[in-house]
Amino acid sequence: MATAWGAAFLMLVTSCVCSTVFHRDQQTWFEGVFLSSMCPINVSASTLYGIMFDAGSTGTRIHVYTFVQKIPGQLPILEGEIFDSVKPGLSAFVDQPKQVREIFKKSPFLVPNDSVSIMDGSYEGILAWVTVNFLTGQLHGQSRETVGTLDLGGASTQITFLPQFKKTLEQTPRGYLTSFEMFNSTYKLYTHSYLGFGLKAARLATLGALETEGIDGHTFRSACLPRWLEAEWIFGGVKYHYGGNKEGEMGFEPCYTEVLRVVQGKLHQPDEVQRSSFYAFSYYYDRAVDTDMIDYETGGVLKVEDFERKAREVCDNLENFASGSPFLCMDLSYITALLKDGFGFADSTVLQLSKKVNNIETGWALGATFHLLQSLGISH
């Protein structure tokens, strides 16, 4: 049994969730863990908390949500969030699975038996959609005017939205539609996770190194990189040598040709997305911040064409553009190709880039907490 649990632990280092829900009924609760101002002693019995751990390989992020049930029998009201992150991540405990398991067993909080699990990419997309549409008020009342969500990670990318047209439902491939119930309503979402189309996986594909093991002595070259560049990059435990083209073309047009091969004809393109609004997370947000298109703290609103404009600016000035990442031209070009030629967005499609809405972190964690509350019969 210990061996099997250890194997599961190794699988969890990539993407896993641990969640707890509890009522505050002991004065010693969380003392020494959080500041007393964060978790006041005199909180009423109608207050409950949901804790969600986003336990990744490089770090663990914790979300503590405060809910107040003001009227018995009605949905609890979300009052706030405490957020923190620590390093190293879950992978640092790969040789100590029993110790980690004992910590959860000794927890004074309600920890359901299935509270630790590996999160499927599509499920992550659904929960992020729930989070954003709840925080923006789209899930309150009878409104069906929702926003879609886009998430761009290192290995995969997700798209999720609520179809409004019958044509979308009829023409969507099998497995891209899923129904779920939350807040006493049933939603049929378009959602899909594309493994291998994350930003870092796309770098390897653009360099022609995706299915190699680094190849000793070989340097992978691209028109998306400065001509003078000679560097090493470790990804997935493999060291790759890469650099710019010593001779030949360089700049946006040849770079775009390279990244276009990664996505063209490989993703489903629902027509409806051209007329929809989306929230975009992760590397969409990071690269927009890196190029001063949005503010790090407040985010901003961009159109798809803004990514292309910035990609042209960066790529056509590779020799002069100062950046912390030599991949900036490639990343911006890939994001442009993914949005336009991959998903089929129009140049004018509006993207809202936000880390927080109403001081609550966007992403899947709040949606997962709502799902937990529902499974415990608290949100009905």
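Glycine 154 touches Gly198, Leu199, Lys200, Ala201 and Tyr283, leaving aside residues up to four places away in sequence. The model described here is predicted. Glycine 154 sits in the loop that runs between β6 (148-152) and β7 (156-161). With a relative accessible area of 21%, glycine 154 counts as partly exposed, because the limit for buried is under 20%.

Glycine 154 also appears in a database record: under "binding site", an unreviewed UniProt entry lists Gly154, Ala155, Ser156, Thr157 and Gln158. From this set, Gln158 is part of the lining of the largest cavity. Glutamine 158 lies in strand β7 and is buried, at a relative accessible area of 4%. Beyond residues up to four places away in sequence, the contacts of glutamine 158 are Gly121, Glu124, Gly125, Thr149, Leu150, Asp151, His192 and Ser193.

Helix α3 covers residues 121-135. At 1.5 Å a residue, its 15 residues should span 21 Å, and the end C-alpha atoms are 21 Å apart, so the two values agree. The helix is mostly covered, with 14 of its 15 residues buried. Glycine 137, just after α3, takes a positive phi of about 80°.

Serine 354 belongs to the loop between β15 (350-353) and β16 (356-357). Its relative accessibility is 8%, so serine 354 counts as buried. The side chain of serine 354 makes a polar contact of 3.0 Å with the side chain of glutamine 352. Not counting residues up to four places away in sequence, serine 354 touches Tyr279, Ala280, Phe281, Tyr285 and Thr362.

A search of the whole structure finds two disulfides. They are set out below.

| Disulfide | Sulfur to sulfur distance | Torsion about the S-S bond |
|---|---|---|
| Cysteine 224 and cysteine 255 | 2.0 Å | about 100° |
| Cysteine 315 and cysteine 329 | 2.0 Å | 110° |

The torsion of about 100° makes the disulfide of cysteine 224 and cysteine 255 right-handed. That pair links distant parts of the chain, 31 residues apart: cysteine 224 is in the loop between β10 (219-222) and β11 (230-235), and cysteine 255 is in helix α6 (residues 252-263). Both cysteine 224 and cysteine 255 are buried.

The link of cysteine 315 and cysteine 329 is right-handed as well. Cysteine 315 lies in helix α8 (residues 304-315) and cysteine 329 in helix α9 (residues 328-342), so this pair ties together parts that are 14 residues apart in sequence. Cysteine 315 and cysteine 329 are both buried. With bonded cysteines counted along the chain, the disulfides follow the pattern 1-2, 3-4.

Notes. Residues are numbered from 1 along each chain as its sequence is written. This is a predicted model: local features need pLDDT of at least 70, side-chain atom pairs count only at pLDDT 80 or more; totals for chains, interfaces and linings use all residues. Side-chain values use heavy atoms; hydrogens and water are left out. Helices (H or I, at least four residues) and strands (E, at least two) are DSSP runs, numbered from the N terminus. Buried means under 20% relative accessible area, exposed over 50%, partly exposed in between (1.4 Å probe, protein chains only). A polar contact is a pair of N or O atoms within 3.5 Å; within protein, one must be able to donate a hydrogen and the other to accept it, and residues adjacent in sequence count only if both atoms are side-chain atoms. Contact means heavy atoms within 4.5 Å. UniProt positions are given in the numbering used here, feature names are shortened, and annotations may be inferred rather than shown by experiment. On a 1 Å grid over the protein atoms alone, a cavity is a set of points where a 1.4 Å probe fits but cannot get out, and a pocket is an open set with protein on both sides within 12 Å along at least five of seven lines; lining residues have an atom within 4 Å of a point. The expected span of a helix is 1.5 Å times one less than its number of residues. A disulfide is a pair of cysteine sulfur atoms within 2.5 Å.
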